[in-house]
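Trainee: I'm new to this one and the whole thing is a bit much at once. Could you pick a single part and take me through it closely, step by step?

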Amino acid sequence: MNALVILGHPRPGSFNHAIAATVVETLHANGYDVVFHDLCAEGFEPLLPSGELPEDGAVDPVVRQHCAELVAADVFVVVHPNWWGQPPAILKGWLDRVVRQGVAYEFGPGGAVIGHFQGKKAVVFTTSNTPRDVEISVFHDPLENLWMNVVFRFCGVEDPYRRNFE
């Protein structure tokens with residue numbers, strides 16, 4: 001089994017880094033082959049150049065590698081802080097460039113979405129300083145909607161899971 005773990009936090013030694021390290025260690029202990037990316041440490045370029053916009057556009061070799069790892073993964077794990085109800089910009093840029101049409105999904109007849117992640121699992125760990133009841137009652141938990149519906153269910157993951165740590 002292959003797992004892809006993506007970390008989107010800029011500060012080494014953060015709680016997010018500890019979560020990601022525990023995830024990687026646990027997956028290895030359970031026999032997974034793990035690919036781990038600390039996007040900030042690697043200097044991942046989050047800006048989507050116009051040439052990558054068409055489905056068949058010219059894609060940077062680093063992005064192509066990330067796309068191949070995404071396709072090969074049986075399990076996705078994403079770890080990041082909640083910044084203004086969103087992932088940090090580097091992770092949003094990773095989504096824009098890697099979880100792309102032709103890789104994660106496509107449009108079929110009549111515009112029907114065909115997700116390419118059927119049978120795959122997804123887990124998202126987020127951290128925040130907003131109490132859970134406020135996150136839900138005031139903000140309607142935008143990260144839950146983003147990851148569970150907009151990204152993973154859209155791409156075919158049937159039962160994604162998210163856990164937030166305050």
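Mentor: Sure, but let's settle a word first, since I'll lean on it a lot. A residue is buried when its relative accessible area is under 20%, exposed when that is over 50%, and partly exposed in between. Also keep in mind that this is a predicted model.

The part I'd pick is the sheet, along with the residues that tie into it. Let's clear the cysteines out of the way before we get there. How many disulfides does the structure hold? Zero. Why does Cys67 have no bond? Its sulfur is 12 Å from the closest cysteine sulfur, which belongs to Cys155, and that is too far for a bond. To count as a disulfide, the sulfur atoms would have to be within 2.5 Å. Cys155 is likewise in no disulfide, with the sulfur of Cys67 as its nearest cysteine sulfur. As for cover, Cys67 has a relative accessible area of 8%, so it is buried. Cys155 is buried too, at 1%.

Now for the sheet itself. It is an open one with five strands, and if you walk across it you meet them in the order β2-β1-β3-β6-β7, paired in parallel. At the edges sit β2 (33–38) and β7 (161–165), each of which pairs on one side only. On average, neighbouring strands here are turned by 15° against each other, ignoring direction. If you're wondering what holds such strands side by side, strands of a sheet pair through backbone hydrogen bonds, either parallel or antiparallel.

Let's walk along that order from the β2 side. β2 and β1 are joined by six bridges in the parallel sense. To find that pairing on your screen, look for Asn2, which stands opposite Asp33 in β2. Is β1 out in the open or enclosed? Strand β1 covers residues 2–7, and five of its six residues are buried, so the rest of the structure largely encloses it.

Skip along to β3, residues 75–81, which runs parallel to β6 and is joined to it by seven bridges. A good place to look there is Val79, whose bridge partner in β6 is Phe125. β6 is mostly covered as well, with five of its seven residues buried.

On its way to the edge, β6 (residues 121–127) is joined to β7 by five bridges, and again the strands run parallel. Here you can follow the partners one after another: Val123 has Tyr161 as its partner in β7, and Val124 has Arg162.

Hang on to Arg162, since there's a lot going on around its side chain. Is Arg162 buried or exposed? With a relative accessible area of 10%, Arg162 is buried. Side chains of opposite charge can pair when their charged atoms come close. Arg162 meets Asp141 in a salt bridge, 2.9 Å from N to O. Asp141 sits in the loop between α5 (132–137) and α6 while Arg162 is in strand β7, so this pair ties together parts 21 residues apart in sequence. Like Arg162, Asp141 is buried. Arg162 also meets Glu144 in a salt bridge, at 3.1 Å from N to O. Glu144 belongs to helix α6, so here the parts being tied together are 18 residues apart in sequence. Glu144 has some contact with the outside: at 29% relative accessibility, Glu144 counts as partly exposed.

From α6 (142–153), the chain goes into a loop that leads to β7, and Phe154 lies in that loop. Phe154 is partly exposed, with a relative accessible area of 31%. Together with Phe107 and Val113, Phe154 forms a nonpolar patch on the surface, with about 240 Å² of accessible area between them.

One last stop, to put those salt bridges in context: the structure has five of them. One of them joins Glu52 and Arg97, with the closest N and O atoms 2.5 Å apart. That pair links distant parts of the chain, 45 residues apart: Glu52 is in the loop between α2 (39–42) and α3 (61–72), and Arg97 is in helix α4 (residues 89–98). Glu52 counts as buried at 3% relative accessibility, and Arg97 is buried at 5%. Add Arg100 to Glu52 and Arg97, and you have a network of salt bridges.

Technical notes
Residues numbered from 1 in each chain as written. Predicted model: local features only at pLDDT ≥ 70, side-chain atom pairs only at ≥ 80, totals over all residues. Heavy atoms only, no water. Buried < 20%, exposed > 50% of the residue type's maximum accessible area, 1.4 Å probe, protein only. Pairing = 2+ DSSP bridges. Helix = DSSP H or I, 4+ residues; strand = E, 2+ residues; numbered from the N terminus. Axes fitted to C-alpha atoms, helices over the stretch in contact; angles between N-to-C directions. Patch = residues over 30% accessible without salt bridge, like charges linked within 9 Å, V, L, I, M, F, W, Y side chains within 5 Å. Areas by Shrake-Rupley, 256 points an atom, 1.4 Å probe, with all protein chains shown as cover. Salt bridge = Lys/Arg side-chain N within 4 Å of Asp/Glu carboxyl O.
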